Amino acid sequence: MTTDEGKKLLAEAGKVGPSIIILSGGEPLIRDDIEDLAAAGTEVGHTVVVATNDGRMLTKERIAGLEKAGVKRFSFSIHFHDDEGQDAFTGLPGSMAAAREAFARLREAGVGFQINTTVMRGNFETLDLIRKRVLELGAVAWHLFFIVPTGRATAPQRTAPLTELEIEKVLKWTAGIEQTAGLPLKVTCAPQYARIKAEMGLKNTQGGKSCMAGDGFAFVSSMGEVKPCGYFDMSVGNVRKTAFDVIYREAEVFKSLRDSEQLKDGCGACAYKRICGGCRARSLAVTGDYLKDDPNCNYHASPKKKK
């Protein structure tokens, strides 16, 4: 999409309401118009953040330009507590060192950054070590993402998703340390976290329905394709043909995602469907039907499956 198309999209998104706009990728800093887009989004009333993965590109000058354009926060993907693990995962020697240097520049500029960690086979037993490293690095928030088996996430062994029981165990651990973690903690792509916290008698601090795909959240690709979220492998329209606000309000897929009464099977019968709703992208990826059960949830599993 061109710069003008991006500005038009941001204006159309403003008709839905001022939002958090995540300029993501790939690597968004490859574009030389990110500052222009950030300024356009800020002018509309959006809160603009940048999700970057290459610390080398986040120079002191780039930070200053993006801050001037209105960017309020940056996010980085860090999946391991040590340089060796992170560098091996990214396939780029020195990537962790470059990230640390970028974090230092952000701290010097007084700009906050959060760290996103994907919970997977290769790291789920070291999450507390990662949490401690996140604190040491000076992040203002830590977000945990759970695998949705789409794209490249379907292949590497290290990113293989956990079993339902393993996910349950991780989420219970997360709920138990959330208030003492040392920084704000958020769970993404594991909406059953709301149910687990309710069962533990803990407050749902994330608010609303946990799966926001198409219901408070939307993804627009670099080619203008609109999806309920980045992991939801189904386009519901293109902003080059139809205004974003029209797609967001009127797309039938979006409408069905906002109606928990349309959920099927165990998710449809679940007492927690209005605060959880299951991960619709994972349902689509695994079953081919985005309204069916979330395959990662153990709550409605048969006795045989629970074993």
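This is a walk through the aromatic pairs, a surface patch, some strands and the salt bridges of a predicted model.

Let us start with the aromatic rings. The model holds 7 aromatic pairs. One of them joins Phe-103 and Phe-113, whose rings are stacked, with 4.3 Å from centre to centre and 5° between the planes. These two residues are 10 residues apart, and their pair links distant parts of the chain: Phe-103 belongs to helix 5 (residues 95-109), while Phe-113 belongs to strand 4 (residues 112-119). Are these two rings buried or exposed? Phe-103 is buried, because its relative accessible area is 0%, and the cut-off for buried is under 20%. Phe-113 counts as buried too, with a relative accessibility of 1%. If you look around this pair, you will also find Phe-76, which ring pairs link with Phe-103 and Phe-113 into a cluster.

Another aromatic pair is made by Tyr-272 and Tyr-299, and here the rings meet edge-to-face, at 5.6 Å centre to centre with 75° between the planes. Where do the two residues sit? Tyr-272 is in the loop between helix 11 (265-269) and helix 12 (280-287), and Tyr-299 is in the loop between helix 12 and helix 13 (303-306). The two positions are 27 residues apart in sequence, so the pair ties together separate parts of the chain. Tyr-299 has a relative accessible area of 29%, and is therefore partly exposed.

Rings can have charged company as well. Turn to Tyr-248 and you will see Arg-258 lying over the face of the ring, at 4.3 Å from the ring centre.

Now for the surface. Ile-20, Ile-22, Met-212 and Phe-217 form a nonpolar patch there, and together they have about 370 Å² of accessible area. To find one member of the patch, look for Met-212 in the loop between helix 8 (192-199) and strand 7 (219-220). Met-212 is partly exposed, because its relative accessible area is 36%.

Strand 7, which ends that loop, also belongs to an open sheet of 3 strands. The order of the strands is 7-8-9, and their pairing is antiparallel. Strand 7 and strand 9 (237-238) are the edge strands, each pairing on one side only. How many bridges join strand 8 (residues 225-227) to strand 9? There are 2 bridges between these antiparallel strands. Val-226 has Gly-237 as its bridge partner in strand 9.

Elsewhere, Lys-72 is found in strand 3 (residues 71-77). Lys-72 is exposed, as its relative accessible area is 57%. Along the chain, Lys-72 and Val-48 are 24 residues apart, yet their C-alpha atoms are separated by 6.1 Å.

The last stop is the charged side chains. Side chains of opposite charge can pair when their charged atoms come close. In this model, the count of salt bridges is 21.

Take Glu-12 and Lys-8, whose side chains meet in a salt bridge of 2.5 Å, N to O. Both residues are in helix 1 (residues 3-16), where their spacing of 4 residues is about one turn of the helix. Glu-12 is buried, because its relative accessible area is 7%. Lys-8, in contrast, counts as partly exposed, with 45% relative accessibility.

Helix 9 (residues 244-250) offers another example with Arg-249 and Asp-245, which are 4 residues apart and therefore separated by about one helical turn. Their side chains meet in a salt bridge of 3.8 Å, N to O. Asp-245 is buried at a relative accessible area of 8%, whereas Arg-249 is partly exposed at 44%.

A further salt bridge joins Asp-33 to Arg-31, with the closest N and O atoms 2.8 Å apart. Which of these two residues is buried, and which is partly exposed? Asp-33 counts as buried, because its relative accessibility is 5%, and Arg-31 is partly exposed, with a relative accessible area of 31%.

Finally, salt bridges can also connect into a network, and Asp-128, Arg-131 and Lys-132 are linked in this way.

Methods
Residues numbered from 1 in each chain as written. Predicted model: local features only at pLDDT ≥ 70, side-chain atom pairs only at ≥ 80, totals over all residues. Heavy atoms only, no water. Phe/Tyr/Trp six-rings, centres within 6.5 Å; stacked < 30°, edge-to-face > 60°. Buried < 20%, exposed > 50% of the residue type's maximum accessible area, 1.4 Å probe, protein only. Lys NZ or Arg CZ within 6 Å of the ring centre and 35° of its normal. Patch = residues over 30% accessible without salt bridge, like charges linked within 9 Å, V, L, I, M, F, W, Y side chains within 5 Å. Areas by Shrake-Rupley, 256 points an atom, 1.4 Å probe, with all protein chains shown as cover. Salt bridge = Lys/Arg side-chain N within 4 Å of Asp/Glu carboxyl O. Pairing = 2+ DSSP bridges.
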